[in-house]
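Me: I should like to go through this model step by step, with the reasoning given for each answer. Please begin once the structure is shown.

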Amino acid sequence: MRFGTTLAPANEDAVLLCDDVRVSVLSDRVIRVEKGVFTDNKTQTVDCRNFAKPQFISEIRNGKLVVKTQSRIFNVDLNTLETNVKFLDDGHIATPTNRNNLGGTARTLDGTFGVLGSWKGAREKKDHFCLSHIRKGIFAEDGVSEYDDSKSILLDEDGGVSCRKAGGTDKYVFAFGADYLGGLKEFYALTGATPVLPKYALSNWWSRYHAYTDREYLALMDKFDKKDIPLTVATIDMDWHIVKNVPKGVECHSMQGAGWTGYTFEKSLFPDYKSFLKSLKNRGLAVTMNLHPRDGVRYFESQYADMARACGIDPDSGETVQFDLTDKKFLNAYFDILHHPYEEDGVDFWWIDWQQGTKSQMDGLDPLWLLNHYHFLDNCRDGKNGMILSRYAGLGSHRYPIGFSGDTFVCWRSLRFQPYFTALASNAGYTWWSHDIGGHLFGKGNAELYLRWLQFGVFSPINRLHSNNKSWSKEPWLYPRVESIAEQFLRLRHRLLPYIYSANVRTAREGIPIVAPMYYYSTHENARSKSLRNQYFFGENMLVCPITKKCVNGSVKQTVWLPDGEWTDFFNGEKLSGGKEYVLSCKLGDYPVFVRSGSIVPMLEKRHGNSMKFDRLEVRVFVGDCEYTMYDEIGRIDFSMKKDGEAYTLEIIPDGDCETETVTVVPDRGWAVDGDAKIVIDGNPVAVKLVKV
């Protein structure tokens with residue numbers, strides 16, 4: 001089996017056995033508590049339990065196991081398993097509760113109007129979609145949280161999955177305090193790293209849900225190119241396969257109809273799909289296609305005979321090959337027969353749209369999680385950086401990016417919720433949400449709402465423009481009032497690739513989320529303010545304050561608060577002091593994004609097309625002491641900026657594999673390059689002097 005795994009036992013010196021209770025001290029701040037049934041298998045959440053070698057002492061006192069590490073004292077009741085934690089630095093004691101948990105993320109935003117309601121809730125005037133829908137994360141107001149892993153599926157050494165034995169308890173206690181970045185790094189050590197995404201995932205995506213022909217789609221791609229709007233991912237929604245022409249009477253389990261599941265191209269729309277896919281690739285586009293696999297493989301599919309034989313079914317019987325990833329015959333055939341041939345023809349990854357609930361042939365197994373697990377591992381074969389687009393399936397899902405947040409409604413309330421929702425997900429280690437930018441359902445072509453959503457998309461993890469109807473599609477030219485502004489922001493997203501890709505690498509290597517709540521970087525009470533919760537860090541150097549309300553008389557009053565330090569408006573260069581609140585007047589073309597002094601923001605030079613090569617860079621320099629590394633897929637450049645009397649010296653140090661040929665240094669307002677700002681990189685370090693003007 002190519003999906004094989006290994007066991008994940010804790011360090012044997014850190015395991016304490018007390019009759020039917022086993023406590024594993026995983027780090028100074030994390031313990032595992034089991035009762036009744038023990039396991040060393042990996043689970044759908046946990047990947048490695050031997051990631052630290054904590055120093056500790058322990059004793060049993062009054063029916064409690066007391067474990068003292070270098071920074072915490074854990075008290076575990078051996079009967080109830082209730083655990084409290086004492087923090088040795090300040091002496092406070094905390095017990096994990098739902099009430100104090102800071103929240104994580106949710107499975108889907110399907111059909112939501114944002115935090116105040118769903119479609120049902122709007123009709124009934126009830127708060128239907130509320131924060132209670134957001135699952136718990138790993139952080140808490142008092143510094144201690146708990147995760148119950150007792151019902152998660154086990155990963156077997158042969159690549160299969162199995163249920164746990166009944167009657168056991170398996171939970172993890174996280175005592176990270178307010179160390180969010182350090183806690184997240186430990187969480188990733190326990191549950192597995194977030195992988196590095198392919199570069200193409202980080203520019204602009206195009207998606208639309210309705211039937212179209214290959215010629216229509218290619219003509220649309222060419223129009224984007226003619227208007228100099230870069231796209232790097234072409235999303236082919238479900239109508240690529242047979243939908244309306246499914247034979248009558250075909251077995252169907254989906255509420256959406258018999259055409260919801262399919263694997264055979266619709267020839268009336270795509271008479272030569274191989275040529276179509278090749279044409280997309282020739283335009284420099286990565287390709288993903290939508291899947292709804294619930295109904296298995298039925299007799300009319302072109303792959304049916306091969307699938308039937310592979311699964312032990314007589315093809316002449318017409319019997320449906322049932323979807324069941326726990327069946328190893330089906331599992332291997334599912335990828336080898338249904339997916340790999342299309343990948344050879346040009347499909348780079350798959351959009352898995354599982355909407356059929358959490359039940360499967362194995363008790364307790366969420367088929368969505370298993371789809372994500374196997375699809376991602378399969379997409380990583382041959383050593384490439386794999387990727388999927390799918391829904392969230394609980395803690396540990398960060399190993400299978402990217403997340404598809406679902407079908408939200410086109411309204412201001414939906415937009416107002418998404419920045420907070422996106423940043424909050426870092427509390428569950430989930431950093432790569434992809435929203436339907438612009439919304440999915442019931443739009444009315446509101447140009448201002450479209451623009452504000454697109455602006456948020458440019459400064460969010462994934463910028464995937466999407467709609468479900470021609471009437472409110474997301475081409476900028478359909479919104480003449482804001483067309484030129486929208487185009488400028490889409491070009492900016494592409495130019496920001498070096499900054500975003502570098503943040504992507506840091507997420508994978510160091511556990512630093514690309515989007516994070518303000519309290520990850522500031523201890524000020526305003527960083528937790530409910531009124532400011534939509535503000536978030538985009539990478540470590542940018543603070544984004546999204547506009548989510550309508551203009552009045554041509555502008556909107558936007559309240560922003562900046563953490564301590566000196567900040568520069570990314571767009572107009574205005575300098576602002578931190579630790580203060582400001583009220584800005586923002587027109588349609590304005591968007592509040594601020595960069596901390598002592599930051600480097602590498603960008604692509606202006607160019608036509610969707611080339612992702614980091615050969616010519618424009619590096620925005622926000623003067624102040626700093627160290628920064630820009631990563632490319634095959635190399636890196638280190639930047640070091642240090643004060644030198646009244647000036648600053650910026651060192652640019654490429655490694656041997658760096659493909660960058662030129663760097664144009666662009667300092668912020670009040671500073672200039674002493675000499676030529678355009679520097680030729682020949683593999684050797686270069687020093688640039690920045691002087692006041």
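Me: Where does the kink in H8 lie?

Reply: The model is a predicted one. In it, helix H8 bends by about 30°. The bend comes shortly before the proline Pro419, and the residue at which it lies is Gln418.

Me: What distance does H8 reach from its first C-alpha to its last?

Reply: Helix H8 covers residues 412-424, which is 13 residues. At 1.5 Å a residue, 18 Å is expected. The model comes close to this, with a reach of 19 Å.

Me: How many of the 13 residues of H8 are buried?

Reply: Buried here stands for under 20% relative accessible area. Among the residues of H8 that meet this are Trp412, Phe417, Tyr420 and Phe421, and Gln418 and Pro419 are also buried. H8 is mostly covered, and the number of buried residues is eleven.

Me: Which elements do the buried residues of H8 pack against?

Reply: The partners include one helix, H9 (447-458). Strands also take part, S20 (433-434) being one of them. The buried residues of H8 further pack against S22 and strand S23 (536-538).

Me: Which strands stand at the edges of the open sheet?

Reply: Six strands form this sheet with antiparallel pairing, in the order S22-S23-S24-S29-S26-S27. An edge strand has a single partner, so one side of it is left without a neighbour in the sheet. The edge strands are S22 (515-517) and S27 (575-577).

Me: Which residue in S27 stands opposite Glu566?

Reply: Strand S26 (residues 566-569) pairs with S27 in the antiparallel sense, over three bridges. Opposite Glu566, the residue in S27 is Ser577.

Key:
Residues are numbered from 1 along each chain as its sequence is written. This is a predicted model: local features need pLDDT of at least 70, side-chain atom pairs count only at pLDDT 80 or more; totals for chains, interfaces and linings use all residues. Side-chain values use heavy atoms; hydrogens and water are left out. Two strands pair if DSSP finds at least two bridges between them. Helices (H or I, at least four residues) and strands (E, at least two) are DSSP runs, numbered from the N terminus. The expected span of a helix is 1.5 Å times one less than its number of residues. The bend at a residue is the angle between axes fitted to the seven residues ending there and the seven starting there. Buried means under 20% relative accessible area, exposed over 50%, partly exposed in between (1.4 Å probe, protein chains only). Contact means heavy atoms within 4.5 Å.
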